[in-house]
Amino acid sequence: MDRENDQNKRPVGEGDLLIRSYAQGLILHMPDWGNVDSLLEAVYAKFSKSVSFFGEKALILGLEGRELSLEEELLVLAAIERAGVRVAALAGRDGGHVEKLRLAARQMEEKALEARPQPLRIHRGDVGPEMSIETPGSLLVLGNVDRQASLRAGGDIVVLGVLAGSAQAGIQKQIACLALDAPRLRIGGQAVKLGVLDSRRGRPAHFSIQKGRVEKGEWEAEAIQNLLCRFWD
């Protein structure tokens, strides 16, 4: 067991990798030992030195010598493409496998962004006509938002005033305001329907995603406090 652990800790170098061509594309042979971080560095270095030889044509790539998890397969593919080599498909996989890996990468990135604490931006005063505010984290506006203004945040949006312009919050986030005046709202990729907006016109409003749908809620003192507390968790 100790010997196996030592093998897994050994760094992988460029010389431990073998790239060979075959009729349909390339095969990357990797050792079945060594830590993943050094493997990825070696793969990147190896392909970086050969990128001019491969040209711009997307290749079919075979991976052998080491059993990879889906995440490790994704990381190896990312290292190769970061080196400038395009991969069209993986040998022995169905035609859509590479796209599935790329989709998994985007989903992993989105989850990482959601988990990472984002800065709170506070705008003091009204957001006037044709003004636009954009931030990767949450946004707190201490004033009114004009009908021709727009807000865009990766986190929650809270307006302590009248919200009359457009606002887009992040995936699975929330939008709240003290008074609603026919704005255009989106949470992630979902738009808040006009009928839902009209029902809250001139009143406090709170919108969130529940079971995959945009839901409205009564914005009472406790709800205001709970949402604002999210900013300083």
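Visitor: What makes two helices count as roughly parallel here?

Guide: The angle between them has to be under 35 degrees. Keep in mind that we're looking at a predicted model.

Visitor: Okay, so why are H2 and H4 called roughly parallel?

Guide: Helix H2 (residues 36-48) and helix H4 (residues 70-82) pack at an angle of about 30°, their axes being 8 Å apart. That angle falls under the 35-degree limit, so the pair is roughly parallel. As for handedness, H2 and H4 make a right-handed crossing.

Visitor: Which residues meet where H2 and H4 touch?

Guide: On the H2 side there are Val36, Leu39, Leu40, Val43, Tyr44 and Phe47, and on the H4 side Glu72, Leu75, Val76, Ala79, Ile80 and Arg82. Sorted by class, this contact has 10 nonpolar residues, 2 charged ones and no polar ones. Glu72 and Arg82 are the charged pair, because Glu and Arg count as charged.

Visitor: What makes a set of residues a nonpolar core?

Guide: The members must be buried, of a nonpolar type, and joined through side-chain atoms within 4.5 Å. The largest such core here has 23 residues, and those with the most contacts inside it include Val43, Phe47, Val76 and Ile80. Strands S2 (25-29), S3 (59-64) and S4 (87-90), along with H2 and H4, each supply at least two residues of this core. H2 gives the largest share, 5 residues.

Visitor: What is Ile80 in contact with, leaving aside its neighbours within four places in sequence?

Guide: Leu28, Val43, Phe47, Leu61, Val85 and Val87. Apart from this core lies another, of 22 residues, among them Ile133, Val141, Leu185 and Ala205.

How values were computed: Residues are numbered from 1 along each chain as its sequence is written. This is a predicted model: local features need pLDDT of at least 70, side-chain atom pairs count only at pLDDT 80 or more; totals for chains, interfaces and linings use all residues. Side-chain values use heavy atoms; hydrogens and water are left out. Axes are lines fitted to C-alpha atoms, for helices over the stretch in contact, and angles run from 0 to 180 degrees between N-to-C directions. Helices (H or I, at least four residues) and strands (E, at least two) are DSSP runs, numbered from the N terminus. A crossing is left-handed if the near helix is turned anticlockwise from the far one by less than a right angle, and right-handed if clockwise. Contact means heavy atoms within 4.5 Å. Buried means under 20% relative accessible area, exposed over 50%, partly exposed in between (1.4 Å probe, protein chains only).
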